[in-house]
Amino acid sequence: MRWKNVLVSALANLEAYIDFHETEVLDADLVNGTMNSVLKLSEDIRKHLGNGVRGECLRNGVKTVLIGETNVGKSSLANVLCSRPLSIVTPIHGTTRDVLEATLDIGGYPVVLNDTAGLRSQSADVIEQEGMIRTLRACEDANLILLVADCTNYLSWQKASQSSNFLDFLAFYARKLDICDILFNEDNTTKKPFIVIGNKVDLVEECDLVHLQSFQNLISCNSKKGIDFLTSSIIDQLKQM
């Protein structure tokens with residue numbers, strides 16, 4: 001975003017110089033200052049491209065992968081973020097069978113969003129099984145993971161486990177999806193950046209909302225509640241990459 005602002009400002013200054021330098025008294029340092037800003041920007045971009053991971057993200061886009069159980073709303077979220085129907089959405093488990101890709105601009109950052117097949121342990125469908133293999137492969141290659149959970153499933157886990165520790169739930173969910181090795185190192189430090197998203201908050205009774213406070217990102221793809229805040233969270237992560 002900062003690069004974009006520098007370029008927009010430089011363009012405005014040069015257009016002003018071209019349009020008015022013969023009829024108006026303009027700041028003598030206008031062109032020199034603009035040139036210095038553009039040269040500094042060019043050097044910043046060169047250094048950024050020289051950094052392996054950052055350079056790849058800048059050239060090819062930040063590979064951002066949606067992952068979660070079947071029917072938690074990954075495809076609905078993909079459609080909301082894309083502002084178009086990227087994925088087919090149905091109540092049937094295993095609707096998404098392959099990795100679907102879309103290129104987006106989020107806060108001025110190039111993002112390659114991947115919607116993936118939902119993960120579950122019981123499926124006799126060989127096509128769905130292949131889709132889940134591709135999901136895990138996409139996560140291994142991801143620069144950023146959007147881990148989507150169903151808020152109502154989280155509340156059910158709380159009651160069954162008699163625990164309100166969100167980190168316990170995160171560990172449980174990661175084991176259930178078989179992605180512990182993708183998200184965490186052996187010492188439990190984070191291996192790659194990820195954002196945990198609680199979807200379907202519109203289905204939660206008002207009296208139960210207090211139990212969802214550990215989710216930093218609570219959304220409803222139906223009502224679009226929380227989408228703006230989630231977008232800001234994604235941008236914050238992109239800034240750090």
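Asp150 is a buried residue, with a relative accessible area of just 7%. That is under the 20% cut-off, so it goes into the buried class. Its side chain isn't on its own, though: Asp150 and Lys200 meet in a salt bridge, at 3.6 Å from N to O. This pair ties together distant parts of the chain, with Asp150 sitting in strand β4 (residues 144-150) and Lys200 in the loop between β5 (194-199) and β6, 50 residues apart. Keep in mind that what you're looking at is a predicted model.

**Salt bridges**

Searching the whole structure turns up four salt bridges. Three of them are covered here, including the one between Asp150 and Lys200. As a general point, side chains of opposite charge can pair when their charged atoms come close.

| Pair | N to O distance |
|---|---|
| Lys176 and Glu69 | 2.7 Å |
| Glu128 and Arg120 | 2.8 Å |
| Asp150 and Lys200 | 3.6 Å |

Take Lys176 and Glu69, whose side chains meet in a salt bridge at 2.7 Å. Here too the pair links distant parts of the chain: Lys176 belongs to helix α7 (residues 166-177), while Glu69 lies in the loop between β1 (62-68) and α4 (74-82), and 107 residues separate them. Is Glu69 buried or exposed? With 14% relative accessibility, Glu69 counts as buried, whereas Lys176 is partly exposed at 46%.

The bridge between Glu128 and Arg120 has its closest N and O atoms 2.8 Å apart. Glu128 is buried, with a relative accessible area of 3%, and Arg120 comes out as partly exposed at 32%.

**The sheet**

What is the order of the strands in the open sheet? The six strands run β2-β3-β1-β4-β5-β6, and the pairing is mixed. The edges belong to β2 and β6 (217-218), each of which has a single partner strand, so one side of each is left without a neighbour in the sheet.

At the β2 end, strand β2 (residues 100-106) pairs with strand β3 (residues 109-115) in the antiparallel sense, over seven bridges. Within that ladder, Glu101 stands opposite Asn114 in β3, and Ile106 has Tyr109 in β3 as its bridge partner. The two strands make a hairpin with two residues between them, and Gly107 in the turn takes a positive phi of about 65 degrees.

**Positive phi outside glycine**

If you're scanning backbone angles, two more residues are worth a look. Gln162 has a phi near 55 degrees, a positive value in a residue other than glycine. You'll find Gln162 in the loop between α6 (151-161) and α7, and at 75% relative accessibility it counts as exposed. Lys224 also has a positive phi, near 70 degrees, and again this is a residue other than glycine. Lys224 is placed in the loop between β6 and α9 (227-239), and its 45% relative accessibility makes it partly exposed.

**A negative patch**

Which residues gather in a patch of negative charge on the surface? They are Asp178, Asp181, Glu186 and Asp187. Asp181 has its place in helix α8 (residues 180-183). Asp181 is exposed, at a relative accessible area of 65%. Patch residues need over 30% relative accessible area and no salt bridge, so Asp181 clears the area requirement with its 65%.

Conventions:
Residues numbered from 1 in each chain as written. Predicted model: local features only at pLDDT ≥ 70, side-chain atom pairs only at ≥ 80, totals over all residues. Heavy atoms only, no water. Patch = residues over 30% accessible without salt bridge, like charges linked within 9 Å, V, L, I, M, F, W, Y side chains within 5 Å. Areas by Shrake-Rupley, 256 points an atom, 1.4 Å probe, with all protein chains shown as cover. Lys, Arg positive; Asp, Glu negative; His and termini not counted. Charge placed at Lys NZ, Arg CZ, Asp CG, Glu CD. Helix = DSSP H or I, 4+ residues; strand = E, 2+ residues; numbered from the N terminus. Buried < 20%, exposed > 50% of the residue type's maximum accessible area, 1.4 Å probe, protein only. Pairing = 2+ DSSP bridges.
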